[in-house]
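Student: I have a structure open beside its sequence, and I would like to walk through it with you. Could we take it one question at a time?

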Amino acid sequence: MKDGNENYFEAALSDFVFDVAAGGSIRHLTDRGYSVEQIMRELSYPVPRARVEKAVYRHLIQSQILLSELPEEEEAPGIKLLHGKKEAQFPKTLMEAIAEDGEENAYMECPFGRWIKKDEKQLMQILSCLTNREREYILGIPWGQDVMYHRLNGRMREIGIKLVKNTEWEWKFYFLKRKAGLR
């Protein structure tokens with residue numbers, strides 16, 4: 001029987017080997033907006049889906065592409081909220097807000113975790129306006145909480161605009177004018 005130290009060492013060694021073999025590729029492909037499915041197809045050897053999802057999620061959190069909560073007001077004074085509305089000028093308004101605050105400060109509220117846990121039928125109905133690639137991206141993220149915030153990078157901006165245009169849900173976009181706190 002192995003003691004705790006041996007199990008810890010084996011787990012650490014396994015994580016190290018995985019990171020050397022696939023971690024860098026997974027992070028790179030995640031940064032390029034690839035879904036978990038696309039990443040799995042690109043890897044040169046098979047990796048279990050759960051391991052890829054975990055690596056993608058960890059990278060999204062560490063790089064602050066995905067936030068579990070918005071920073072407090074004192075960390076990001078002047079947080080602005082933009083409600084997504086089915087208006088012809090919404091994409092232009094969104095792009096102007098991103099240009100003003102910077103992509104690194106622009107986030108979309110994502111209640112996907114709630115729907116995955118409670119109403120997958122509603123989730124699939126809402127996501128039906130997306131392409132397979134976009135749907136794969138959303139469904140490949142293991143949403144750790146009911147509501148999270150995804151940076152409005154190219155992939156999420158494209159998804160957000162389609163969701164606003166094609167669904168009845170009230171989508172929220174946040175712009176963090178900050179002095180300190182979030183990096």
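**Around helix α7**

Tutor: Happy to. The cover over the buried residues of α7 includes α2 (36-42), α3 (49-62), α5 (112-118), α6, β4 and α8 (154-166). Keep in mind that this is a predicted model.

Student: Which residues of helix α7 (residues 132-140) are buried?

Tutor: Being buried here takes a relative accessible area under 20%. Tyr 137 shows how that works: its relative accessibility is 4%, so it counts as buried. The full set in helix α7 is Glu 134, Arg 135, Tyr 137, Ile 138 and Gly 140.

Student: Which residues does Tyr 137 touch, leaving out those up to four places away in sequence?

Tutor: Tyr 137 sits in helix α7. Take Met 156 as one example: 19 residues separate it from Tyr 137 along the chain, and their C-alpha atoms are 9.3 Å apart. The residues touched are Gly 33, Tyr 34, Ser 35, Leu 60, His 150, Arg 155, Met 156 and Ile 159.

Student: Which residue in helix α7 forms a salt bridge with Lys 162?

Tutor: Lys 162 belongs to helix α8, and its partner lies 28 residues away in sequence. Lys 162 is partly exposed, with 25% relative accessible area, whereas the partner is buried at 0%. The closest N and O atoms are 3.1 Å apart, and the partner is Glu 134.

Student: How many salt bridges does a search of the whole structure find?

Tutor: Let's look at some examples before the total. Arg 157 and Glu 103 meet at 3.4 Å, N to O; Arg 157 lies in helix α8 and Glu 103 in the loop between α4 (90-101) and β3 (106-110), so the pair ties together parts 54 residues apart in sequence. Glu 37, Arg 49 and Glu 53 are linked in a network of such bridges. Across the whole structure, the search finds 11.

Student: Asp 146 and Lys 117 also meet in a salt bridge. Which helix holds Lys 117?

Tutor: The side chains come to 3.0 Å, N to O. Asp 146 is partly exposed at 25% relative accessibility, while Lys 117 is exposed at 53%. Asp 146 is in the loop between α7 and β4, and 29 residues away is Lys 117, in helix α5.

Student: Now the sheet: which strands stand at its edges?

Tutor: The sheet is open, with antiparallel pairing and the order β1-β4-β3-β5-β2. Each edge strand has a single partner, so one side of it is left without a neighbour in the sheet. The edge strands are β1 (66-67) and β2 (80-83).

Student: Which residue in β4 stands opposite Leu 66?

Tutor: Start with the pairing: β1 and β4 run antiparallel and are joined by 2 bridges. Opposite Leu 66, in β4, stands His 150.

Student: On the outside, which residues make the nonpolar surface patch of about 210 Å²?

Tutor: One member is in helix α6 (residues 120-127), namely Met 124. With 35% relative accessibility, Met 124 counts as partly exposed. The patch is made by Ile 116, Met 124 and Leu 139.

Student: Last one: where is confidence highest in the protein?

Tutor: The mean pLDDT is 85, and 83% of the residues reach 70 or more. Residues 179-183 fall below 50, and beyond near neighbours in sequence that stretch has 11 contacts in the model. Among the elements, helix α1 (residues 4-31) is lowest with a mean of 69, while the highest, at 96, is strand β4 (residues 148-151).

Notes: Residues numbered from 1 in each chain as written. Predicted model: local features only at pLDDT ≥ 70, side-chain atom pairs only at ≥ 80, totals over all residues. Heavy atoms only, no water. Patch = residues over 30% accessible without salt bridge, like charges linked within 9 Å, V, L, I, M, F, W, Y side chains within 5 Å. Areas by Shrake-Rupley, 256 points an atom, 1.4 Å probe, with all protein chains shown as cover. Salt bridge = Lys/Arg side-chain N within 4 Å of Asp/Glu carboxyl O. Helix = DSSP H or I, 4+ residues; strand = E, 2+ residues; numbered from the N terminus. Buried < 20%, exposed > 50% of the residue type's maximum accessible area, 1.4 Å probe, protein only. pLDDT = per-residue confidence, 0-100. Contact = heavy atoms within 4.5 Å. Pairing = 2+ DSSP bridges.
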